[in-house]
Amino acid sequence: RSSDLLALCDTTRGSALPMADTQTCGNSESKSITETTDRGVAAIQPRYLTTKEKFHKFIDAGKAAADALSNNEDLIEEAAVVSTRDSEVTEPEAKKIKLSGTQDDSGVQDGKGNQGSLQKKRARGQNKRRPYQKPSVYAEKNLCPSIKLECASKCFFGDKCRYIHNVEQYMAEKAAEIGDKCYLFETFGKCIYGVTCRFSKAHLGVDYKNVINEDVQKLWENKELVKNQIDKDLQHRLRKRNVSFENSDKYLKQLSQLNNPGRVENESQASEPPLAASDDAGDVGTEAVKLDPLPQGIPNCPLSTDGELSVSQTNTSINTIGPLTDEDVVKLRPCEKKKIDFKSKLYLAPLTTCGNLPFRRICKRFGADITCGEMAMCSKLLQGQTSEWALMKRHYTEDIFGVQLEGSFADTMTKCSELLNRSIDVDFVDINLGCPIDLVFNMGGGCALMNRSRKLEQIVKGMNSVLDVPLTVKIRTGIQENVNLAHKLIPNLRDWGVSLVTLHGRSEEH
């Protein structure tokens, strides 16, 4: 406050200097004043020192100047209004026609009677629908796509094409070559970029024609470089929830029966129809017996008095469709599943946001034997998200490849395992029990499953029942830093059917 400031000036300086005099003070005077101040009190420059009377005079003079300035502005505005009125045309401005169903900026009601907002809603998020226009220089310096694809007779843009069609002109304006060897041409026998390749000297012939090495190209026929790409039809059915999970539904039904046995018995009794009484039940005094339905494939098969089938009385032939197999009924035993020998092999652990396909290819070149994809959310895989299914991709150089799943419920983890078991090619499936991210941990997944032993048992047994490949688990020492859980959990995982356990020697808190 001004009074406090003046009091501070009086106590620290004794007598305040006039404001006019403070402007003429030099460095020598300021040094003398700072030397006379008390120890521990901040020094004030002489130009800021004044008396209470001069301070109020200064404030009053400032108010008077501001009032005078505002009065002058009002006079100027009134003069401008008078001049505009004199210069206005006598005919009024045409009224704007308001269309039905629209809303003006004033916030009045629209054609439907809805009260509009006073201001337009501010745009949020990414503007993905913004118009994107490439600069005109881009088309003037690039070759037409029809020539790149070696179909110059059929230009995609016709007469409106603005790209270069003269190959010699493009080669004259093209940037300098980077090298003399093209990796695509040496590996696959053909470079898909043709003339536009920065290593085009290795595969350009006469008249800038793209050379093809047929011997090398035949080696790659009917070979898929990248596997496990999601099918568009499957993605559409996942988004529409039209994918059936028969094995998972059976397991989940059994699980619900174990958890709620009384409820299942009541539902089964309510679903059974009442027994129908026979016509002579009242005369004989016996209850009617419900017979089992006739077996399929034996039409019009009569029953004997004992209720047994009398096939000898019929002369009809039984049509068969071939041998009966139990592949859809009997699941594989643990000893019949695919086995992987992890001994004396270098295992590249799944690394989130780092262990993508190019990184795994580099590690494979440097000697990695077993690779595993990044952590994938099972709920997003069941929704058919393209970004999550991209984590399932597998390069042809990856001999032993697995995927890692993250989830917190038995139904989603079991269904996702069944989906991956029949749609992609993997050698093993790994469960993530070591993710310390708060977003995953708070949802009950990752490290949180180590404290939920019953839920973890349901997940492991469910996934193991629908998979034809080994099931592995990655865990940490525990959640809290000084409370270890791994040594108690590993024996249970072995009993539940886990083939391999990978231990990360840190806790969730660490």
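This passage describes two buried polar or charged side chains, the nonpolar cores and a pocket in a predicted model.

A good place to start is the strand that carries N432. This residue sits in β5, which spans residues 428–433. N432 has a relative accessible area of 6%, and because the cut-off for burial is under 20%, N432 counts as buried. Its side chain comes within 2.9 Å of the backbone nitrogen of G434. When neighbours within four places in sequence are set aside, the contacts of N432 are M375, Q404, L405, E406, G446 and K474.

I431 also invites a look. Once neighbours within four places in sequence are left out, I431 touches Q404, L405, M413, I459, V460, M463, L471, T472, V473 and K474. I431 is also one of the residues with the most contacts inside the largest nonpolar core, a group of 44 residues. W389, M392, L420, V429, M463 and L493 are likewise named among the best-connected members of this core. Helix α17, covering residues 410–423, makes the biggest contribution to the core, supplying five residues. Another core lies apart from this one; it has eight residues, including C144, I147, V167 and V195.

Attention can now turn to open space in the model. The second largest pocket has a volume of about 420 Å³. Its lining is made up of 20 residues, of which M377, S379, K380, E406 and V440 lie closest to the pocket centre. Four elements each give two or more residues to this lining: β2 (370–377), α15 (378–383), α16 (386–389) and α18 (438–441). By character, the lining residues comprise nine nonpolar, seven polar and four charged. E406 links this part of the picture to the strand described above, as E406 is among the contacts of N432.

The last stop is R394, a charged residue that belongs to the strand β3, residues 394–395. Is R394 buried or exposed? Its relative accessibility is 5%, and since burial is defined as a value under 20%, R394 is buried. The side chain of R394 reaches out to the backbone oxygen of D399, at 2.8 Å. D399 appears again in the list of residues in contact with R394, from which neighbours within four places in sequence are excluded. Alongside D399, that list holds L225, V226, K227, N228, L357, I400, F401, D425, V426 and D427.

Key
Residues numbered from 1 in each chain as written. Predicted model: local features only at pLDDT ≥ 70, side-chain atom pairs only at ≥ 80, totals over all residues. Heavy atoms only, no water. Buried < 20%, exposed > 50% of the residue type's maximum accessible area, 1.4 Å probe, protein only. Polar contact = N/O pair within 3.5 Å; in protein donor to acceptor, adjacent residues only side chain to side chain. Contact = heavy atoms within 4.5 Å. Core = buried A, V, L, I, M, F, W, Y, C linked by side-chain atoms within 4.5 Å. 1 Å grid on protein atoms, 1.4 Å probe; cavity = no way out; pocket = protein on both sides within 12 Å on 5 of 7 lines; lining within 4 Å. Points joined across faces, edges and corners; volume = space filled by probe spheres on them.
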